[in-house]
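Hi,

Here is the structure I promised to pass on. Have a look at it first, and my notes come straight after.

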2 protein chains.
Amino acid sequence: MVLPHTEARPRPGHADREHLVARLARSARHRPRPVADLEAWLDARARANPFEITEVPFAELAGWSFAPHSGDLVHDSGRFFSVEGLHVRTDGGPVDEWWQPIIHQPDRAILGILAREIDGVLHFLLQAKMEPGNINGIQFSPTVQSTPSNYLRTHRGARSRYVEYFLEPERGRVLVDVLQSEQGSWFRGKRNRNILVEVTDDIEPHQDFVWLTLGQIHDLLHRQNLVNMDARTVLSCLPDHAVAADPADSGIAAAVARSSLADDDAAWQPLLQVRNWLTANKAGRTLMAHQVPLRQVRDWHHGDVDIRHRSGRFFRIVGRAVRASNREVTQWRQPLLAPCGTGLVAFVVRRLGGVLHVLAHADLRPGYRDIVELGPTVQCTPNNFTGANRPAYLDLVCSDQVQVHYDVLQSEEGGRFHHAVTRHLVVEVGPEFPATTPPDYTWVTLRQLTAMTAFSYQVNIEARSLLLCLRALA
Amino acid sequence: MVLPHTEARPRPGHADREHLVARLARSARHRPRPVADLEAWLDARARANPFEITEVPFAELAGWSFAPHSGDLVHDSGRFFSVEGLHVRTDGGPVDEWWQPIIHQPDRAILGILAREIDGVLHFLLQAKMEPGNINGIQFSPTVQSTPSNYLRTHRGARSRYVEYFLEPERGRVLVDVLQSEQGSWFRGKRNRNILVEVTDDIEPHQDFVWLTLGQIHDLLHRQNLVNMDARTVLSCLPDHAVAADPADSGIAAAVARSSLADDDAAWQPLLQVRNWLTANKAGRTLMAHQVPLRQVRDWHHGDVDIRHRSGRFFRIVGRAVRASNREVTQWRQPLLAPCGTGLVAFVVRRLGGVLHVLAHADLRPGYRDIVELGPTVQCTPNNFTGANRPAYLDLVCSDQVQVHYDVLQSEEGGRFHHAVTRHLVVEVGPEFPATTPPDYTWVTLRQLTAMTAFSYQVNIEARSLLLCLRALA
């Protein structure tokens, strides 16, 4: 890939950045159309772009096959992604050794959102995009959500719309550009480029695209499975844009705003100490993950229509055939990872010194590039844990001892995962909840969480998704 | 490893951080003893701690052997590190495929420096430490420079002195704590924990340790091979601490100070655009590095006393026997990587809009966790490039068309590398040098470089080392 020639020029810098925060805040308060209209628009796009997904056995997964020696599930072109085996040994958690299939995708996809001022308010260009694994077919997705295999036309389809704005960012002004990890139990070392570019070009959106304000996107986040994972992760990387709340207001919206604006003096601990906690956990844990041939993965059964764990838990690898009308390629077949059961991610929040803090967990996963990232208080598929070994705080967040501020089902990426839905919870605990934490948990403000999200491999995708949901409460 | 129980408490935060910058600035201006005294002290420690290094063939490298199947050079315990093979394919640079030996060390070492106020001035505790590969035996090193294999006593030696301050950081206040990469052509995915902890305990240093101010350390950086690589990388991660210079002063010291204090408005481009440039280079380049058995590494000859490239270039793997008096273990044998020739790293600097900028390069190496990091303008071993394919700007930085501000030999890590010495250059070019850069180069201020250094895998070890040398000019 040839990078564009850099034509660096002096540009407005810091003052402009301050300005951006105010412009984001304005966009968050602006709701030009009710959320029902947006749902109706999405339904209309779904009707206009019919698609059909059918289950197919591996033998009929045209273009894909099990490699002769390894048994890895690979594409004939050698591109896109593959399903390989992983052997994991670790010192952490109740299980210290296991084998599993895992998706390997060395390509770095672009998850790109275009922004533009319309009538003085920042809008973001989202796409009504079908993915074969989506539980409801179409969801609001980034402007571009595409791997190089796609946008460089490896599969001979059409080039992704608007991708030129992200490959040649000097066409606009970059507001976010950071490599971020994805699901560390399902992807091995995967990262995507989260990029947000503001343009001044007068872009008339294609019929499957729509300009939305942050306020409208926040509204959509209160409905289930409407804003896809890729859009959530890009938007979570924006700078904080809360507006100072009335000090007398003790509601959750005001508390979220205050936590987003809290400087280090108001926080339970300075950002440097949060980073010390994360580095200590990254450096202190041991996890050895070795790629192994998929056929050597123990405890997993390879059938005609799926690869599944002998316990029936965790996930299955399945095949799907797709017929669509509005994709670069209109029909194809592909494997998907189908989780067994609905996931759950939760932030426990508590006021400390009057400032809302979230209880972050040092989350260990074999697929992370650096073993540990900051994750939600609870992150699991509850069905996988029966009886003993239930994750810490799982029972608490599902109990009536907490005040529930947010409880919405959100989808994981439908291009790789089949009907992967995760319940997103934000629950508040009172002063009876201990401020002292176990060593793999710590308290952070929203401002600190946002600061950590600005750099790669610090905050995991589930915590980033919850961070965006929290901002939608303000 | 068991992490200490976190006893988080509200602590002074932001205001304290401002204070830190002022305290670092004071330490940088303070030179209680002339540099000759420090050299004399180091010589005295060398005489008090005699050691002997002798070459040994692999057959006599007790504790180490070539693994039966792979031919990898491994320790009998399976710990410390190993020398493996790597097969690299890339789209960048003049060579697009090669094989090479590479050091694999999954352990994350602690590179830790203790800080403490003495008579109101911050001092840093450095150690006179012998390493078998050091060209001059003993150098100023961090307080602790140790892998878990060492500080947890895998080799049954004494526990590293002062390591408790880094394993239980609540004993002090953490000023720096970040995982950083090391040499990306010689190490595969290596990272070390760079940590700096300020204490108030009245520590009377052991006779091999000494408290130095930043000013004294800056003085030492003007002498060759005195401050080892590990100390340089930890100190490079400190926040900037320049003091505003007289606007009329056009000298390099004033220019370094102004560049360290320059906000985004004064910079050639905002920090966000620098990060966009780095992410674009990380995302846009392809490099596939696969571990292969060392015996399958093509073009390398395995002899009795070394493993060498058939061209005689790049590096050799050799064996050494060590007898020392002040180490955790007093005698051992180990392999070392011996570069063929002196390395060269250079920052080209230029004033743009009156502010000093360094010309950064997007440096691609097989050992990086994320393919590309921000590196110096030039980074190579000149001997490896005869005739064609000479790296960009190499001839320029060695020519008389530039103004040389810094030209000192500094050592790479003596625990893994044999007599690895790198010439560090800072050279200034005038307005005739084009401001427009090729896509894999860009201009950054020292403040931006420092901001990038605060997070993992952004700025490579050679650029961090040069950043510290630049600060020593102020």
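Below are my notes on the domain contact in chain A and on the salt bridges.

A word on conventions: this is a predicted model, where local features need pLDDT of at least 70, side-chain atom pairs count only at pLDDT 80 or more, and totals for chains, interfaces and linings use all residues. Residues are numbered from 1 along each chain as its sequence is written, chains are lettered from A and ligands numbered from 1 in the order in which they are written, and side-chain values use heavy atoms, with hydrogens and water left out.

**Domains of chain A**

The domain assignment (automatic or from a database) splits chain A into domain 1 (15-45 + 107-236) and domain 2 (252-285 + 340-471). Their centres, taken over C-alpha atoms, are 24 Å apart. Each domain of chain A puts 36 residues into the contact (heavy atoms within 4.5 Å). About 3200 Å² is buried between the two, with carbon and sulfur atoms giving 51%; that is the accessible area (1.4 Å probe) the two parts lose on being put together, summed over both.

What holds polar groups across this interface? The rule finds 22 residue pairs in polar contact, both residues at pLDDT 80 or more, a polar contact being N or O atoms within 3.5 Å, one able to donate a hydrogen and the other to accept it, with sequence neighbours counted only if both atoms are side-chain atoms. On the domain 1 side, strand E10 (173-181) and helix H6 (229-236) of chain A each supply at least two residues (DSSP runs, at least four residues for helices and two for strands, numbered from the N terminus). H6(A) gives the most, with 6 residues.

**Salt bridges**

The count between the two domains of chain A is 0 salt bridges, while the whole structure has 50 over all chains (side-chain nitrogen of Lys or Arg within 4 Å of a carboxyl oxygen of Asp or Glu).

Glu117(A) and Arg23(A) pair at 2.8 Å, N to O. Glu117(A) sits in strand E6 and Arg23(A) in helix H1, 94 residues apart. Arg23(A) is buried at 6% relative accessibility, whereas Glu117(A) is partly exposed at 32% (buried is under 20%, exposed over 50%, partly exposed in between; 1.4 Å probe, protein chains only).

In chain B, Arg351(B) and Glu428(B) meet at 2.7 Å. Arg351(B) is in strand E18 and Glu428(B) in strand E23, so the pair ties together parts 77 residues apart in sequence. Glu428(B) is buried at 11%.

Cheers
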